[in-house]
Amino acid sequence: QVQLVESGGGLVQAGGSLRLSCAASGGTFGSSTTTAWFRQAPGKEREFVAALWRNTGRTYYADSVKGRFTISRDNAKSTSYLQMNNLKPEDTAVYYCALDNRLILSSLRIGEQYDYWGQGTQVTVSS
């Protein structure tokens, strides 16, 4: 059973940066793995943030974070990262990492299609 543990959240001023990490254990984490980040703000539904597609390593982003956030991974460390720059108050949310080894491309932005999830890490951006 895969376990995901996020870290790196915190409080930052608008314009600042944070890097989230998601360490995986107990399962496959390699070229066949799709890794993603989602977030959920208070009173809102969970939304897709970014994904790194298996095999090709191609990255996908929500329009709201494109150009500011970068998803990456280190297969040797079984860890996914989300570098967040130029943070805005509207980025405030609990951020979750997700992982799947069988995902199809059309399901990339659909949280329910991912098999494994972390517990979430809070990101708060003050204005």
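A salt bridge here is a side-chain nitrogen of Lys or Arg within 4 Å of a carboxyl oxygen of Asp or Glu. The side chains of arginine 39 and glutamate 47 meet that rule, with N and O 2.6 Å apart. The model is predicted. By this rule it holds 6 salt bridges. Its largest nonpolar core has 37 residues. The points below cover charge pairs, core, selected residues, strand pairing and backbone angles.

**Salt bridges**

- Arginine 39 is buried, because its relative accessible area is 5% and the cut-off for buried is under 20%.
- Its partner, glutamate 47, is partly exposed at 34% relative accessibility.
- Arginine 68 and aspartate 91 form another salt bridge through their side chains, at 2.7 Å from N to O.
- This pair links distant parts of the chain, 23 residues apart. Arginine 68 sits in the loop between strand 6 and strand 7, and aspartate 91 in the loop between strand 8 and strand 9.
- Both partners are buried: arginine 68 has a relative accessible area of 8%, and aspartate 91 has 0%.
- Arg39, Glu47, Arg68 and Asp91 are linked in a network of salt bridges.
- Aspartate 115 pairs with arginine 102, and their closest N and O atoms are 3.0 Å apart.
- Aspartate 115 and arginine 102 both lie in the loop between strand 9 and strand 10, 13 residues apart.
- Aspartate 115 is partly exposed, with a relative accessible area of 39%. Arginine 102 counts as exposed, at 63%.

**Nonpolar core**

- In soluble globular proteins, nonpolar side chains tend to be buried together.
- In the largest core, the residues that touch the most other members are Trp37, Val49, Phe69, Leu82, Met84, Tyr95 and Tyr114.
- Several strands give two or more residues to this core, including strand 4 (34-40), strand 5 (47-52), strand 7 (69-74) and strand 8 (79-84). Strand 3, strand 6 (59-61), strand 9 and strand 11 (121-126) do so too.
- Valine 49 has contacts beyond four places in sequence with Trp37, Phe38, Arg39, Tyr60 and Tyr61, among others. Its other such contacts include Ala62, Val65, Phe69, Leu82 and Tyr95.
- Arg39, one of the valine 49 contacts, is also part of the salt-bridge network.

**Leucine 108**

- Leucine 108 lies in the loop between strand 9 (93-100) and strand 10 (116-117).
- Its relative accessibility is 3%, so leucine 108 counts as buried.
- Beyond four places in sequence, leucine 108 contacts Thr34, Phe38, Phe48, Ala51, Trp53, Tyr60, Leu103 and Tyr114.
- Phenylalanine 48 is 60 residues from leucine 108 along the chain, yet their C-alpha atoms are separated by 8.8 Å.

**Serine 21**

- Serine 21 belongs to strand 3 (residues 18-25).
- At 16% relative accessibility, serine 21 counts as buried.
- Outside its neighbours within four places, serine 21 contacts Val5, Glu6 and Ser7, along with Trp37, Thr79, Ser80 and Tyr81.

**Strand 1 and its pairing**

- In a regular strand the side chains alternate between the two faces of the sheet.
- Strand 1 (residues 3-7) shows such alternation in its side chains. Leu4 and Glu6 point to one face and are buried. Gln3, Val5 and Ser7 point to the other face and are not buried.
- Strand 1 and strand 3 run antiparallel and are joined by 5 bridges.
- Within strand 3, serine 25 is the bridge partner of glutamine 3.

**Positive phi angles**

- Most residues other than glycine have a negative phi.
- Asparagine 55 has a positive phi, near 65°. This residue lies in the loop between strand 5 and strand 6.
- Asparagine 55 is exposed, with a relative accessible area of 54%.
- Asparagine 86 also has a positive phi, near 50°. Its place is in the loop between strand 8 and strand 9.
- Asparagine 86 is partly exposed, with a relative accessible area of 42%.

Note on methods: Residues numbered from 1 in each chain as written. Predicted model: local features only at pLDDT ≥ 70, side-chain atom pairs only at ≥ 80, totals over all residues. Heavy atoms only, no water. Helix = DSSP H or I, 4+ residues; strand = E, 2+ residues; numbered from the N terminus. Buried < 20%, exposed > 50% of the residue type's maximum accessible area, 1.4 Å probe, protein only. Contact = heavy atoms within 4.5 Å. Core = buried A, V, L, I, M, F, W, Y, C linked by side-chain atoms within 4.5 Å. Pairing = 2+ DSSP bridges.
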